[in-house]
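Biologist: Please take a close look at one part of this model, the charged side chains that pair with one another, and set that part in the context of the fold. I should like to know where each partner sits and how much of it is open to solvent.

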Amino acid sequence: MSAHDRPRTTVHIACNEVVPGCGFTASADTEEELTDKVAAHAAQDHGVPEVTPELAAKIKAAIRRQ
């Protein structure tokens, strides 16, 4: 099976798994792209200016592959 024949895997996150009550969700092709989206959301909607190592670990734990 070639790379073109394999189903594409995407990564997803629901902010509610990190910040209870938040309805933000995002999807991306890579964890890096998803982390960028989450960082932008955290800054804009939660007032978090940077992703700390602790927050990065929580984000990584909440990522789901599909």
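Modeller: Glu 31 has a relative accessible area of 22% and is therefore partly exposed, since the class of buried residues ends at under 20%. The model is a predicted one, and every value here is computed from it.

Glu 31 takes part in a network of salt bridges together with Lys 60 and Arg 65. With Lys 60, the salt bridge has an N to O distance of 3.1 Å. This pair connects distant parts of the chain: Glu 31 belongs to helix 1, residues 31–46, and Lys 60 to helix 2, residues 53–62, with the two positions 29 residues apart. Lys 60 itself counts as exposed because its relative accessibility is 53%, and the exposed class begins at over 50%.

The other partner of Glu 31 is Arg 65, and here the closest N and O atoms lie 2.7 Å apart. This contact, too, links distant parts of the chain, with Arg 65 in strand 3 and Glu 31 in helix 1, 34 residues apart. Arg 65 has a relative accessibility of 56%, so it is classed as exposed. Through Glu 31, then, helix 1 is joined by salt bridges to helix 2 and to strand 3. As a general matter, side chains of opposite charge can pair when their charged atoms come close.

The structure contains three salt bridges. One of them joins Glu 17 to Arg 64, with 2.9 Å between the closest N and O atoms. Glu 17 lies in the loop between strand 1 and strand 2, whereas Arg 64 is in strand 3, and the two are 47 residues apart. Glu 17 is partly exposed because its relative accessibility is 43%; for Arg 64 the value is 43%, so Arg 64 is likewise classed as partly exposed.

Arg 64 also leads into the pairing of the strands. In strand 3, residues 64–65, Arg 64 stands opposite His 12. Strand 1 and strand 3 are antiparallel and are paired over two bridges. Strand 1, residues 11–14, also runs antiparallel to strand 2, residues 25–28, and four bridges join them. Within that pairing, Ala 26 of strand 2 is the bridge partner of Ile 13.

The side chains of strand 1 alternate: Val 11 and Ile 13 are buried and point to one face, while His 12 and Ala 14 point to the other face and are not buried. This follows the general rule, because in a regular strand the side chains alternate between the two faces of the sheet.

For the wider setting, the protein chain has two helices and three strands, in the order β-β-α-α-β from the N terminus on. Of its 66 residues, 23% are buried. Among contacts with a separation of 6 or more, 45% are between residues 24 or more positions apart. The accessible surface amounts to about 4700 Å², and carbon and sulfur atoms account for 53% of that area.

Note on methods:
Residues numbered from 1 in each chain as written. Predicted model: local features only at pLDDT ≥ 70, side-chain atom pairs only at ≥ 80, totals over all residues. Heavy atoms only, no water. Buried < 20%, exposed > 50% of the residue type's maximum accessible area, 1.4 Å probe, protein only. Pairing = 2+ DSSP bridges. Salt bridge = Lys/Arg side-chain N within 4 Å of Asp/Glu carboxyl O. Contact = heavy atoms within 4.5 Å. Areas by Shrake-Rupley, 256 points an atom, 1.4 Å probe, with all protein chains shown as cover.
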